[in-house]
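This report looks at a serine and its surroundings, and then at the sheet and the chain as a whole. Please keep the sequence and the structure in view while reading.

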Protein chains: 2
Amino acid sequence: GKTVGVLDADIWGFSIPRMLGMPDRLEAQKVDGRDKPMIIPNERKVGNGVLKVVSTGMLVEDEGTALMWRGLMLTKAVEQFLNDVQWGHLDYLVIDMPPGTGDVQMGLARMLPRTDLLIVTTPAVSAQKVAIRAADMARRSFLRVAGVIENMSSFECDHGESYALFGTGGGQALADEIGVELLGQVPIEPTVAAGGDAGEPVVLAGIGKAAEVFSRIATRIIEDTPDNSDMAGCSARDEDAGVGVTVRRSPDLQA
Amino acid sequence: GKTVGVLDADIWGFSIPRMLGMPDRLEAQKVDGRDKPMIIPNERKVGNGVLKVVSTGMLVEDEGTALMWRGLMLTKAVEQFLNDVQWGHLDYLVIDMPPGTGDVQMGLARMLPRTDLLIVTTPAVSAQKVAIRAADMARRSFLRVAGVIENMSSFECDHGESYALFGTGGGQALADEIGVELLGQVPIEPTVAAGGDAGEPVVLAGIGKAAEVFSRIATRIIEDTPDNSDMAGCSARDEDAGVGVTVRRSPDLQA
């Protein structure tokens, strides 16, 4: 029965509205004690819990609109997501960050100095080398890295054979290098992408091994996070690669 | 026997030095008629052709260094890559762009108004929706979109069965929606990621179906591009997803 805020801070690459099946535009409302109207998050019930979701995708005219925002505007947008949204009480706030270590990440690190980062990588060495830059940024910004998640770890065909399609060992190597734990290895499953496209994440349907791994990771994160640390859950992803197989799912993980 | 410049404009997510096996730091040299020293690209022979490569990864101390650059600095970096590099004669300049439609993309669109964009997507609908924003940006910036490449199209297991791991139809849908051609569908092959990690791209080794598709796409692009349009080849990628399976490979495509 947790209340989880989901902030899609991937301004250019937003896809959470589609993945969570929540395409509605956001409304703004006058709120007591504030001059400016506040943005009301879209809500979705998940079991006994509630997701409150805000995404750039819910603010623009249609999904295809290019968002030609630049550095300062990005930081402003993120600020607005935090200050002008009527979040209410939240047990966790999960933030989906764009890849890299740019304006959005730095703005958030400054505005939410006590957040935990989850770094997502693929098994490939090249992805891991990119992801480590996010860890480096976290260190410089004094953010805690809660762990590493390896995405697109392997694929098992119907004949029972397992294929390391994107290499092996990247997640563990990254975790070792930055001295944190590898929280889980998410297998590649066609249902994961399909569920994301349809707005019905596999972890909610509870189908397959990927869903299991997602749930296990969620449990770990909840156990590791002190009860009184409101708005402490924050996820960063980096080169997560497979759209539909990513920590973009973490909202559900924690519901 | 073409001379192809490769500009890795993915400032935060650079991985071209590793993928092309060219980790050396760049040197700067005094050049006649210029006050400032010029950056000399790293070179690699490919058949009768030459690759001249410049990447942020060749400018920083080590691969793990986070590049905490912001909007204006990014645009400046890209400007420097174009103006302060001793490119010499080039038949093509291939630019690997970061995902999204941010500062780097807009800076390049302004500085190189006659470039062609290649948009890379995965078969997933959600990826395609992100990629279309790049097309939208191109249209607003009056850049030509040369075509769409679908990456991570499908995987064939050793038993001959084909799996659409990340959905189907995204590439064709995107191409249709923006009125350009789908130039190719790159299958998922473990050798592609492995080749990228080892600095030996599969297309150079000529192994497998992915290599064939890469070559075919390259031929198409060369045929479509007028001979006298120096520095006309420019690639943008967006949500390319699989590191190691991307248009980051396009340098080789055109060699």
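In this predicted model, the side chains of Ser55(A) and Asp8(A) are joined by a polar contact of 2.9 Å, and the side chain of Ser55(A) also reaches the backbone nitrogen of Gly57(A) at 2.9 Å.

| Group reached by the side chain of Ser55(A) | Distance |
|---|---|
| Asp8(A), side chain | 2.9 Å |
| Gly57(A), backbone nitrogen | 2.9 Å |

Ser55(A) belongs to strand 5 of chain A, which covers residues 49–55, and Ser55(A) counts as buried because its relative accessibility is 0%, where the limit for that class is under 20%. When neighbours within four places in sequence are left aside, the residues in contact with Ser55(A) are Asp8(A), Phe14(A), Pro17(A), Leu26(A) and Phe81(A).

Strand 5 takes its place in an open sheet of four strands in chain A, whose order is 4-5-1-6 and whose pairing is mixed. Strand 4 (42–46) and strand 6 (92–96) of chain A stand at the edges with a single partner strand each, so one side of each has no neighbour in the sheet. On average, and with direction ignored, neighbouring strands of this sheet are turned by 25° against each other. Strand 1 of chain A, residues 3–8, pairs with strand 6 of chain A in the parallel sense over five bridges, and Tyr92(A) in strand 6 is the bridge partner of Val4(A).

Taken as a whole, chain A has nine helices and eleven strands, and 64% of its 255 residues count as buried. The chain exposes about 9,700 Å², of which carbon and sulfur atoms supply 49%.

Notes. Residues numbered from 1 in each chain as written. Chains lettered and ligands numbered in written order. Predicted model: local features only at pLDDT ≥ 70, side-chain atom pairs only at ≥ 80, totals over all residues. Heavy atoms only, no water. Helix = DSSP H or I, 4+ residues; strand = E, 2+ residues; numbered from the N terminus. Buried < 20%, exposed > 50% of the residue type's maximum accessible area, 1.4 Å probe, protein only. Polar contact = N/O pair within 3.5 Å; in protein donor to acceptor, adjacent residues only side chain to side chain. Contact = heavy atoms within 4.5 Å. Areas by Shrake-Rupley, 256 points an atom, 1.4 Å probe, with all protein chains shown as cover. Pairing = 2+ DSSP bridges. Axes fitted to C-alpha atoms, helices over the stretch in contact; angles between N-to-C directions.
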